[in-house]
Amino acid sequence: KAVSFFSESRTGALIVVEQQVSLNDIAETGTILDSLISAPILENIFYEGSPLHDGAAVIRSGRIYAAGCVLPLTKDPELSPDLGTRHRAGIGITETSDAVTFIVSEESGIISIAASGKIDRFIDIKTVEETLKGLLMPEEGTGKKLKEKIKRMGRG
């Protein structure tokens, strides 16, 4: 719901879902929240007036672990110049970890998913939902398909 809201309202957002590789060093650059995940909480984090809105939210074990976090930028020289700092950060964290990042463009409302150092743009809400289910509820059966898709993203 929050990603859909961000897209419709053109609210920039950067949500990183931690996998096996710990993102403690990234979480320490922000504010530790250890909060339940809900659309209203995410909407408050990324609200333009919020002190945490410019950074990334880190999701760990199905909770919003930290927000306002600083991510490393990609060093990919081939990346489109149309992509700004939010997208470069969303890709960068996936180059140094197995995290999956959801990015919403402030200018266009376009939703993107980054994994394995690659980005898929123009993602629809159904794909966001399926990806989140695979990440947060792998026992639901979509986890294996998601892992295969992420591996394909890493190959180009």
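Is Arg86 buried or exposed? Arg86 is buried, at a relative accessible area of 19%, where buried means under 20%, exposed over 50% and partly exposed in between (1.4 Å probe, protein chains only). Before going further, a heads-up: this is a predicted model, in which local features need pLDDT of at least 70 and side-chain atom pairs count only at pLDDT 80 or more, while totals for chains, interfaces and linings use all residues. Residues are numbered from 1 along each chain as its sequence is written, and side-chain values use heavy atoms, with hydrogens and water left out.

**The overall layout**

- The protein chain has 6 helices and 7 strands; helices (H or I, at least four residues) and strands (E, at least two) are DSSP runs, numbered from the N terminus.
- Walk along the sequence and you meet them in the order α-β-α-β-α-β-β-α-β-β-β-α-α.
- Out of 156 residues in the protein chain, 45% are buried.
- Helix α1 is home to Glu8, which counts as exposed because its relative accessibility is 65%.
- Glu8 and Ile110 sit 102 residues apart along the chain, yet their C-alpha atoms are separated by 9.0 Å.

**Salt bridges**

- There are 4 salt bridges here, each one being a side-chain nitrogen of Lys or Arg within 4 Å of a carboxyl oxygen of Asp or Glu.
- One of them joins Arg60 to Glu18, with the closest N and O atoms 2.7 Å apart. Arg60 belongs to strand β3 (residues 56–60) and Glu18 to the loop between β1 and α2 (24–27), so this pair ties together parts that are 42 residues apart in sequence.
- Both partners are tucked away: Arg60 is buried at 17% relative accessible area, and Glu18 is buried at 13%.
- Arg86, from the opening question, forms a salt bridge with Glu106, and their closest N and O atoms are 3.7 Å apart. This pair also links distant parts of the chain, with Arg86 in helix α4 (residues 85–95) and Glu106 in the loop between β5 (100–104) and β6 (111–115), 20 residues apart.
- While Arg86 is buried, Glu106 is partly exposed, with a relative accessible area of 36%.
- Lys126 and Glu130 also meet through their side chains, at 3.1 Å from N to O. Both lie in helix α5, 4 residues apart, which is about one turn of the helix.
- Lys126 counts as exposed at 54% relative accessibility, and Glu130 is partly exposed at 40%.

**Aromatic rings**

- The structure holds 2 aromatic pairs. Rings of Phe, Tyr and Trp (its six-membered ring) pair if their centres lie within 6.5 Å; planes under 30 degrees apart count as stacked, over 60 as edge-to-face and the rest as tilted.
- Phe5 and Phe6 have ring centres 6.0 Å apart and planes at 65 degrees, so they pair edge-to-face. Phe5 is partly exposed at 36% relative accessible area, whereas Phe6 is buried at 0%.
- Phe6 pairs with Phe46 too: their centres are 5.5 Å apart and their planes stand at 80 degrees, so this pair is edge-to-face. Here the link spans distant parts of the chain, from Phe6 in helix α1 to Phe46 in the loop between α3 and β3, 40 residues away.
- Phe46 is buried, with a relative accessible area of 2%.
- Put the ring pairs together and Phe5, Phe6 and Phe46 form a cluster.
- Arg60 turns up again, with its charged end over the ring of Tyr65, 4.1 Å from the ring's centre. For that label, NZ of Lys or CZ of Arg has to be within 6 Å of the ring centre and within 35 degrees of the ring normal.

**The largest pocket**

- The largest pocket holds about 460 Å³ of space. On a 1 Å grid over the protein atoms alone, a pocket is an open set of points where a 1.4 Å probe fits, with protein on both sides within 12 Å along at least five of seven lines, and lining residues have an atom within 4 Å of a point. Points are joined across faces, edges and corners, and the volume is the space filled by probe spheres set on them.
- Of its 20 lining residues, Lys1, Ile37, Leu42, Leu132 and Leu136 are the closest to the centre.
- Four elements, α1 (2–9), β1 (13–17), α3 (39–45) and α5 (125–136), each supply at least two lining residues, and α5 gives the largest share, with 6.
- The lining divides into 14 nonpolar, 3 polar and 3 charged residues. Ala, Val, Leu, Ile, Met, Phe, Trp, Tyr, Cys and Pro count as nonpolar, Asp, Glu, Lys and Arg as charged, and the others, Gly among them, as polar.
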